[in-house]
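Hello,

Here is the structure I promised to pass on to you. My notes on it follow below, so please have a look at both together.

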Amino acid sequence: GPVKETAARNLPRAAVAALLPRLRAQSRLPSRYAEGEPAPRNEEDVFWLSPLRHCLLFAGLLVRRKGLRIGGRGRDLLADDRAGELYALLFRTVFRTLDLAALSGGDQHAALQSTIAFTFYKLRTAARTWTTSETLAETAWLESAKDPRTEAECLSDVDYRHYTLRHRVLDPLVQFGLLEYRMVPTDESWREEVEYRLTPLFDRFLRFRFEGSARRDPFL
């Protein structure tokens with residue numbers, strides 16, 4: 001039966017409690033809820049849950065009919081022999097329909113999403129071995145798609161823009177199994193670097209082909 005949404009159209013607490021133990025993607029860092037924090041109760045307390053719900057709605061897998069329920073398309077794609085089709089649909093929906101800015105907050109760097117095919121293509125070589133998000137932001141993010149550094153960043157001679165790439169592209173690719181990541185301690189005890197590397201699935205799933213005509217959708 002349908003899941004009754006709250007007045008704000010969020011998942012109710014009972015649904016959150018039922019889904020949380022089954023979610024592989026609970027947060028950016030798997031240890032988040034194991035460090036003494038209170039158990040999440042609301043949908044917005046679970047980092048990936050709201051984007052996941054929106055993605056399923058945008059893809060037509062869930063429908064709103066006296067609450068949230070699985071639609072005919074979603075039911076059809078549950079068959080084992082259609083798992084690849086479901087995976088591809090979710091991938092396209094996340095990176096094309098979902099506003100990736102929702103994964104990092106703020107509205108900076110809007111052009112990253114529209115040039116993401118370039119980023120995928122560059123990751124093919126840039127992330128072949130363990131590479132920091134800072135380096136990937138330099139090599140796999142189209143320079144003209146970046147907003148300028150903030151005044152504070154310029155004054156302190158730092159560049160935090162790689163966090164946008166991490167949260168909107170790299171971390172979702174980890175959840176899709178196309179990248180893996182590891183935390184690397186640094187000389188500063190309070191800070192850790194994150195490194196990413198392609199998984200074998202990346203080359204199996206993504207193909208790149210250059211054509212002379214721009215009439216076709218470049219993402220496809």
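The largest pocket is lined by 32 residues, and those lying nearest its centre are Leu23, Leu52, Arg53, Leu56 and Leu90. Please keep in mind that this is a predicted model. Five elements each give two or more residues to that lining: α1 (13-19), α2 (49-58), β2 (68-70), α4 (83-97) and α9 (162-175). Of these, α2 supplies the largest share, with 6 residues. By residue type, the lining divides into 25 nonpolar, 3 polar and 4 charged residues. The volume of the largest pocket comes to about 1100 Å³.

Now for the chain as a whole. You will find 10 helices and 5 strands in it. The chain has 220 residues, and 35% of them count as buried. If you take the contacts between residues at least 6 apart in sequence, 59% of them join residues at least 24 apart. About 13400 Å² of the chain is exposed, and carbon and sulfur atoms supply 52% of that area.

Helix α6 is worth a look on your screen. This helix spans residues 116-126, and Ile116, Thr119, Phe120 and Leu123 are buried in it. They lie on the same side of α6, because they cover an arc of only 100 degrees around the axis. What packs over them? The cover over the buried residues of α6 includes α4, α5 (111-114), α7 (133-139), α9, β5 (192-198) and α10 (200-205). Two of the names there may ring a bell: α4 and α9 also give residues to the lining of the largest pocket.

Finally, a word on backbone angles. Most residues other than glycine have a negative phi. Arg9 is not a glycine, yet its phi is positive, at about 65 degrees. Arg9 sits in the segment before α1. Is Arg9 buried or partly exposed? Its relative accessibility is 48%, so Arg9 counts as partly exposed, since the exposed class starts over 50%.

Lys66 also has a positive phi, of about 55 degrees, and is likewise not a glycine. You can find Lys66 in the loop between β1 (62-64) and β2. With a relative accessibility of 72%, Lys66 counts as exposed. The strand that follows this loop, β2, is one of the elements that give two or more residues to the lining of the largest pocket.

Happy to go through any of this with you.

Best wishes

Notes:
Residues numbered from 1 in each chain as written. Predicted model: local features only at pLDDT ≥ 70, side-chain atom pairs only at ≥ 80, totals over all residues. Heavy atoms only, no water. 1 Å grid on protein atoms, 1.4 Å probe; cavity = no way out; pocket = protein on both sides within 12 Å on 5 of 7 lines; lining within 4 Å. Points joined across faces, edges and corners; volume = space filled by probe spheres on them. Helix = DSSP H or I, 4+ residues; strand = E, 2+ residues; numbered from the N terminus. Nonpolar A, V, L, I, M, F, W, Y, C, P; charged D, E, K, R; others polar. Buried < 20%, exposed > 50% of the residue type's maximum accessible area, 1.4 Å probe, protein only. Contact = heavy atoms within 4.5 Å. Areas by Shrake-Rupley, 256 points an atom, 1.4 Å probe, with all protein chains shown as cover. Arc of directions from axis to C-beta.
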